[in-house]
Amino acid sequence: MQNTGRDKKDGKIYVVGNKPVKELLMDTPRKVDFVAFRKGRRDNAMEEILELCRTQKVPHKSVSSTDLDYMYRGNHQGIAARCAALDYTPLEQLLEEAVDAPLPLIVALDQVQDTGNVGVLARTVHALGGAGLIVCQHHGAYLGAGALRSSAGALNKLAVAKVGNMANAMKDCVNYDYTLYAARMTSDSANVYTADLASPAVLVLGNEEKGIRPGVSKYCHHSLHVPFLRQFDSLNVAQAGAIIVSEFARRLG
C-alpha cells in the first residue's frame, strides 16, 4: 500500500518512501509531476529510483531536508513524488479517440501555469463536448486538488495528455491529420467568428504572459483572435479559450 500524504494548504499529493515511489514510477509514471530527493543521498535504492526517473522521463531534483519536511510531514525516507490528482491519457490514445467526441476538438495548453485557468478551461471543454486537453510536463500548472476544484470535477471526466515536449506533440497532431489553430493576435490572424473552422482540430493556448512559444506555433496551420469592440488590453487565457471553444461548438458540434 502506498504511503500517501496531502498538503493541507494547497491539496498537493505526495507519495513517499523508497518502495512506494519505485512502484509508482514502474506502474503509473505519467501521474508523477516530479520526484524530490534529499540532497547528498547516495545509495542503491536511490540509484534505482533515479534510473527509473531517467528512463520514464520524469523530472527529478535534489532538495534540502527542510524542503522535504515541508512537502511531507512524516517519515518520507528522503524521497517524495508529487502526483497529479488524475490519471493521464497517452497522447496517441487521445488523438485516436478524439475524432469520436461530440466536438472533435483538443485544447493544448503551452505552459499555462494558473490552476484556476486550467480548471475553467477543462469545464468549458467538457461541457461543450470537446475531446480533451494536452498539458506540459514542465512549467505547466500543477493538476492537483486545487485544479480539480476549479474544474468542478471536469478534469476527472476529460482525457488529459501530459507531454514532455509540446512542440513534438503538435507535430504528432499534424501527423494525425488534425488542423491546428493558435489563439493569438497577429497581423494575419483571423476573426474567430468569420474564420473557416475545421475538425478534428487542436486549439493551442499560450502562457499567461509569454503566449505560445515559437517552436510550438510553427506547427499551427492558422491563427485566431477574438475581436474587441472596445479598446482593451486582452482577455485572460481561460476567457479567450472559452470564447473560441464555444464558437467551435456552435459551428461544428
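Modeller: A helix is a DSSP run of H or I with at least four residues, a strand a run of E with at least two, both numbered from the N terminus. This is a predicted model, where local features need pLDDT of at least 70 and side-chain atom pairs pLDDT 80 or more, while totals for chains, interfaces and linings use all residues. Residues are numbered from 1 along each chain as its sequence is written, and side-chain values use heavy atoms, without hydrogens or water.

Biologist: Which residue caps the N-terminal end of α9?

Modeller: Look for a side-chain oxygen 3.0 Å from the backbone nitrogen of Ala238, a polar contact (N or O atoms within 3.5 Å, one able to donate a hydrogen and the other to accept it; residues adjacent in sequence count only through side-chain atoms on both sides). That oxygen belongs to Asn236.

Biologist: How far does α9 reach from its first C-alpha to its last?

Modeller: α9 has 16 residues. The expected span (1.5 Å times one less than the number of residues) is 22 Å, and the model comes close to that, reaching 22 Å.

Biologist: Which element gives the most to the largest nonpolar core?

Modeller: This core (buried Ala, Val, Leu, Ile, Met, Phe, Trp, Tyr and Cys joined through side-chain atoms within 4.5 Å) has 40 residues, with Leu133, Leu143 and Phe248 making the most contacts inside it. Phe248 is also among the buried residues of α9 (under 20% relative accessible area, 1.4 Å probe, protein chains only). β6, α5, β7, α6, β11 and α9 each supply at least two core residues. The top contributor, with six, is α9.

Notes:
Buried < 20%, exposed > 50% of the residue type's maximum accessible area, 1.4 Å probe, protein only.
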